Amino acid sequence: MKKTQLLDTFRNIKKQLVSWLSIIVISSFALAAYLGLTYSAYGLEKAGQNLYDSTNFRDIQITSNCLISESDLEKIKKVPGITGVEGLLRTSGRISGNNITKPVYITSVPKHIGLPILQEGHLPESDSECIIEQYLADKLGIKIGDSLSIKDAYDEDIPELNLNSFKVTGIFLHAEHASFDLEETYCILVDNSAFDSSKFDNCYCLADVTFDNPEHFRTFSRDYFNLSDTYIDSLETLGKSLSSERYDKYTKFMDEQLTDSEKELSDAEAQLSLAAKMVPSLKGKTGEIMADMSNMLSVIISTDPSEYKTADEQITAYEDAKKEYDHAVKRVTDTRNGLNKILGMGKSEWYVFNRNANPCFVFLKNNTENLRALNLSFSLLFVAIAIMVIFASLSRMVYEQRSIIGISKALGLHQFEIFSKYLIFGFSGAVLGIILGIALSLFIIEWIVALGYGDHFIFGPFPFAIDIIPTVVSVLVAVIVAILSINASCSSLLKETAKKLLSPRIPKGHAKALEKSPFLKRLNLYNRMILLNMRSDIVRVIVTIISVAGCCSLVVIGFSLRASIMGAIKYQISDYTHYDAKISYSNEISPSASGDIKDILKGHNISYISFLNKHGSVQVDDTLEYMEFLICDDLKSFSNFRPLTSLGEKEGLIITNRLAEIYDLGEGDSIYVIDDMGYKHSAKVSAVTKNYIGRYVICTKSYYEQIMEDTFESNTFFIKLNSSVDEATLQDELLGIQGYEAYTPASEQVEMFNNLLIVLNLVIGLLIILSGVMALFVLLNLADMYLLSKKNELTIMRINGFTVKETVLYAVREVFFTTTTGIILGVIIGCIIVYSIIRTMEQVHLMFVRSPSIPSCILGTVITAGFTIGIYYLSMRKVKDLSLKDI
């Protein structure tokens, strides 16, 4: 290109500076919206992948109703493609701190699979040491060096452990609990030697398995789960082949354990019966004499006599022993029920699950899918608008310079020389937009999203990540679109002769339109001219309407998504959280706990409802869903605290509408409820209740006991406070009750809801800002295009004596029509797209407000109209200065 042509190119950029800058900004914002969410989803997924890879997190977990033997592990290792298997011991317990009691799993330290991430301290080196998850340490105020007492459900020593007091040597994080936002049972890790392996028949409670992934499928990809399914099928087949042998061994072991326990209980009962006869004497006037006799007998009979005990001490010791005996009876009963269940099944069964059985894994996967859902809808709308506006800008600019092109051809310039001028204009703007867009994606959008997610996952803010393939594809598409737009804009004009290009363009069809349309004949001159001009330049008018509609729809979508997300929290609280606090307790620790708490609540005139609150799983088809069960016999009264939109006419499970929608469930359908031992129990759906946030299954206690073939006691109160109650005083009173566990204000539930959605809300807010700025530049570009196309016409009107007001009113009538039509169309399109995005982003535990947000539509209309009015107000001020030299 010659120097004079290059200077002409730069002069053209300077003259069309608004259009050129608009191309840069619009293309950069479109690319930033798309790549920013792409990078964020990829970065979040990569952070998860790194977490699972670095800790060698299991691909598959196996549990069994008859435990898993060392022999089973050896056979699992021999399955083709299995790269690792590790058996783990586990039991459940409870720990306390900061006036809170938390259920925990006590698990043997994994050596190869699912390694803990130590934050401080060291791994247990003896049977008296343990490490504790950071959540528990923070919540209960536990530090390294503390002595940790672990009790069972009856507040007694755990039979499966050799010791029940451990020194805390470390604090750790674990990929099992990758998120801080889910309410789960956390873990304490101890050395294998801390367990009494004879209580497990020298077997393992579960087995973690890894398999070969030769194609290196991403952990959240469909390909990975298809591969996982093939291994699950192989392992389930293996489990069936080993069923008979393992069943016989385990039932024999359980029967022996039960026989020994019952004999020990019988001996203990005889001793307690004898001691019970002495208690009345100990309480009487001769209490101290009887106490002395008892102590003397202890010295004579026992090889290891106890210290001297007073009458009161002996009575207390008897009462404690009686409580322990009662708890032991319950434990034996639980063991007998467990054995009966296994005998009822008549076989050993393996339960084989992939990573989807881990709630935090699913939560992380859902968050990446949400970002991609926004990317494939919201951001693509950015891209579509950008392509259309850039094409329209280039087409209009080239069309306005048709006479310049004609002169260039008349002076002998070749087509490519003329084309290169416009190629540099469009291509330079596109390239700068690409560079700016990638920078915005990486250093602004991804950075903000990473910071947002950093507080919700154990890996913190994920590092910057560039997904190469989408980046290359996006750059290529942007370049191709720029070149095609320039070519399409110029090709038709470059083919015409210089004479034709230099001749003024005569609008066609006006006379025929007047003849055929009585409507046009009845209009005044202004309106007739506007409609005829719009007809002759219909492409520009359509592009303007669609561009305005796109801008308006972007703003409507952004605010509607935000309103939908915040609405989910608002309605979950206002419509489905009518209690003020939740009180957890255990009647297993103290049978009087429930009654004692009721007495306190009645004393403060606090209304309450008692129910069983437990976490578990349901299985629908082949998918396991982690759920929270709310179990109460008086569902009508329960509905006053936690409203239910449907109670059902028959006994059964009341499930949330999201669970029903995802799995196409309705009244009368069957699903499986998984019990604590992993057994499946068939249950019927009796009703579907509306719910926005949470994984709830509700049913009556009688129905739950019927399907689970067991009995259960309530462990939770929902309460409604009155204005005279001081919460601090109430909590102090509750602390004195044996069996009391925790007081949880409803505000903590609200905070949990906010935590689930805060990052998504942040992303939406970021997109709203991008939408607003992009809308501003699109409308600015449209205004510039419009005034350039009308410049000669408006100048002639001014020369012919039309006032500035008349000229402006003539010009803005078309603007009013295109803007109004575009806004109406944009609101409609925005509402349709919002509904689609919302349905894509919803999960089994999350439903958004689906109805159109009228305030968001109004806001979108006001912002679009406000930008338009402001831009055209400034632009129309130039009309008064138009003169003959502007033609």
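**View 1. Who sits around L374?** In this predicted model, L374 is in contact with several residues that are further than four places away in sequence. They are L37, S379, L561, L760, V763, I764, L767, I837 and M841. L374 also belongs to the largest nonpolar core, where L374 is among the residues that touch the most other members.

**View 2. The largest nonpolar core.** Let's step back to the whole group around that residue. This core has 174 residues, and I62, I76, I95, I132, I188, L374 and M774 touch the most other members. Which helix gives the most to this core? That would be helix α22, residues 746-799, with 22 residues. Another core lies apart from this one, made of 24 residues that include L653, V697, Y703 and M708. As background, nonpolar side chains tend to be buried together in soluble globular proteins.

**View 3. Helix α8 alongside helix α16.** Here's L374 again, this time as part of a helix pair: α8 packs with α16 (residues 538-576) at an angle of about 155°, and the axes are 10 Å apart. Parallel or antiparallel? Because angles over 145 degrees count as roughly antiparallel, α8 is roughly antiparallel to α16. The crossing of α8 past α16 is left-handed. On the α8 side you'll find L374, F378, L381, F382, I385, M388, V389, A392 and R396. They meet R540, V543, I546, S547, G550, C551, S553, L554, I557, G558 and L561 of α16. Sorted by type, the residues of this contact come out as 14 nonpolar, four polar and two charged.

**View 4. Helix α8 alongside helix α11.** Now for another partner of α8 (residues 359-400): the axes of α8 and α11 (residues 468-495) come within 9 Å and cross at roughly 30°. Angles under 35 degrees count as roughly parallel, so α8 is roughly parallel to α11. This time the crossing is right-handed. From α8, the contact uses I387, F391, L394, S395, V398 and Y399. From α11 come V481, S485, I486, A488, S489, C490 and L493. How many of the residues in this contact are charged? None are: the split is 10 nonpolar, three polar and no charged.

**View 5. Zooming out to the whole protein.** Finally, here's the setting for those close-ups. The protein has 24 helices and 20 strands. Of its 887 residues, 51% are buried. Among contacts with a separation of 6 or more, 81% come from residues 24 or more positions apart.

Methods:
Residues numbered from 1 in each chain as written. Predicted model: local features only at pLDDT ≥ 70, side-chain atom pairs only at ≥ 80, totals over all residues. Heavy atoms only, no water. Core = buried A, V, L, I, M, F, W, Y, C linked by side-chain atoms within 4.5 Å. Buried < 20%, exposed > 50% of the residue type's maximum accessible area, 1.4 Å probe, protein only. Helix = DSSP H or I, 4+ residues; strand = E, 2+ residues; numbered from the N terminus. Contact = heavy atoms within 4.5 Å. Axes fitted to C-alpha atoms, helices over the stretch in contact; angles between N-to-C directions. Parallel < 35°, antiparallel > 145°, perpendicular 65-115°, else oblique. Left-handed = near helix turned anticlockwise from the far one by under 90°. Nonpolar A, V, L, I, M, F, W, Y, C, P; charged D, E, K, R; others polar.
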